[in-house]
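Q: Could you take me through one helix in this model, slowly, and then show me how it fits into the rest of the chain? I'm new to this, so plain words please.

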Amino acid sequence: MAYYSSYSKKDGGRKVPSPLPYLLIALLASAGLVYFHYFAYRSVSGTVTNAYTGEPMSGIIVSMQNAPPPGETPVAPALVVTATTSNKGSFTFDKAPDAPLIAVLVEGFAPQEVQAGKTPVEIALVPNLLTGKVVGPDGKGVDGARIFAGPAATVAGPDGGYLIKDLPSDRKLVVKKAGFLSKEVSFGKVDTLNITLEPFFAKAVYINADSAATPGKLQSLLDMLDRTELNAAVIDVKADNTGVVLYSSKLPIVQELDTSRALIPDLPGLLKMLKEKKIYTIARLSVFWDQAATTARPEWALKSKKAPGQVWVDGYSKRWANPYLPSVWDYNIAIAQEVAQLGFDEVLFDNLQFPSEGDLEDIDFGPEAAGKKRTDVVNSFLDRAYTVLSPAGTYVAVDVFGLTAYVQNDMGVGQHFEDVAQRSDYICPAIYPSLFSDGFNGFAKPAEHPGEVVGETAKAALARLGPNAVARLRPWLQDFNGKVPYDAPKVRAEIDAAEQNGAAGWMLWNFGNTYTEAALKP
């Protein structure tokens, strides 16, 4: 027998009631139960103050979340309510769970979260923003000074003003600017700090590892530093002709490659001695011209096209590390960082270039070179080195050819003057008049006109730098016999020309470290 239901009739049958009102009532009831489960009739109050000054902070938005105590699983989605502090820094939540999570997030202060069990809740916000000015001894702002605080960094404006956020817990700043000594400052519980930098122009001589390792020779150089205007020393830490690391390196990669030969027996002791004499120290580090590393790691060496698989050698029968390999960058930058940590004020990169002597058409740079220019390599290396070294206050300098101040290209070696100047603190052209070709700038024999050659080259370099360059000019000057003997008047003419034409210091080069003291002021 068939069963017929009246619900199936189109007209006149019973209608099915909608379930939506019942669902809505159930949801509201559940929400109410959740709310009253968490937000009982209990108030939470508190204050927000500045941790440094103790003063109340008004207008601060305080949020409260119905999060359970630590370790417990929430039974409902978190509900967030807010309150705003009064002119006395106080806030109140009329209804709160047993253990509410109170949070405050304010620009310029470290964020805080408090699991509030008892009331009142006292929240002291710690400033993590610092403002101030970087000035010289004359009180004038130091435009472009770089300020580092842990991972945070900023650059001072034209008046020396700066603002730096997200300060680290150690509350320390490092400030540097080419033409000044870098400075580390502990600033404690303040949110405004002015910093004075001391101007400094290096007047340096080059000291090779042999001289540094020979007590009598080293002492004679130190005595000359004491007697004269000299205030800086350039010391080899990685040799240009061999690539050997010249001190006892603790770097795992150096020990693995066995490229360290401690010709300088006690580099930390030497640096300590120089610091006591207030001598500014510059570590000279040869980068890509490297026999030692390419012997230990043949895959790092440039290869020959004509003899596939064979190492390419330059006009001096020397090997070069492949500038395109990031592993070669890492190796050299690690050495730079180590010597900076030992106490050097500055790292001076030499041979940061592509080869310029030998059969250059025979070089196979490998697949890493695809789509990259020589300048890309030098620029990227410097970007990485500057990022690593600068936060500790270490200055970065680069040696370039003397002619780079005159040419608009990279001279075939990857060094474009303006590019290098934007990625270093000091750009250091080798202005050796004896190395300029006869007829240069109208001089039949440039070597006989040291003052004029240095002066005109310094002017050309300054014009290339322009007003917005990061780097300052600090040239190498000739103190060796070349096409003509170089006596005190010639060396002094170079120094005077550099100082009178905008150089921020100078360095004297003599491979044997025998200098013309009569050219120096007492």
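A: Let's start with what is hidden in α8: T375, V377, V378, N379, F381, L382, A385, Y386 and L389 are buried there. Keep in mind that this is a predicted model, so everything here is read off predicted coordinates.

What does the covering? The cover over the buried residues of α8 includes three stretches of strand from different parts of the numbering, β9 (146-149), β12 (172-176) and β19 (346-350), along with β21. Helices help as well, among them α7 (326-342) and α9 (417-421).

Now for a quick check on the helix itself. Helix α8 runs over residues 374-389, which makes 16 residues. At 1.5 Å a residue, that should span 22 Å, and the C-alpha atoms at its ends are 23 Å apart, so the two values agree.

Let's zoom in on one neighbour from the covering helix α7. Q337 sits in α7, and leaving aside residues up to four places away in sequence, Q337 touches V388 and L389. L389 is one of the buried residues of α8. Along the sequence, Q337 and V388 are 51 residues apart, yet from C-alpha to C-alpha they are 7.3 Å apart in space. Is Q337 itself buried or exposed? Neither, quite: its relative accessible area is 33%, and because buried means under 20% and exposed means over 50%, Q337 counts as partly exposed.

That link across the sequence fits into a wider picture. Take the contacts between residues at least 6 apart in sequence: 70% of them join residues at least 24 apart. Across the chain's 522 residues, 49% are buried. The chain as a whole has 11 helices and 25 strands.

One of the covering strands, β21, has another role to look at. The largest pocket holds about 950 Å³ of space, and two elements, β21 (395-401) and β22 (426-431), each give two or more residues to its lining. β21 gives the most, with three residues. In total 30 residues line this pocket, and N351, F401, A430, Y432 and L435 lie nearest its centre. By type, the lining has 17 nonpolar residues, seven polar and six charged.

So here's the thread to follow on screen: start at the buried residues of α8, step out to β21, which is part of their cover, and carry on to the largest pocket, where β21 gives three residues to the lining.

Methods:
Residues numbered from 1 in each chain as written. Predicted model: local features only at pLDDT ≥ 70, side-chain atom pairs only at ≥ 80, totals over all residues. Heavy atoms only, no water. Helix = DSSP H or I, 4+ residues; strand = E, 2+ residues; numbered from the N terminus. Buried < 20%, exposed > 50% of the residue type's maximum accessible area, 1.4 Å probe, protein only. Contact = heavy atoms within 4.5 Å. 1 Å grid on protein atoms, 1.4 Å probe; cavity = no way out; pocket = protein on both sides within 12 Å on 5 of 7 lines; lining within 4 Å. Points joined across faces, edges and corners; volume = space filled by probe spheres on them. Nonpolar A, V, L, I, M, F, W, Y, C, P; charged D, E, K, R; others polar. Expected span 1.5 Å × (residues − 1).
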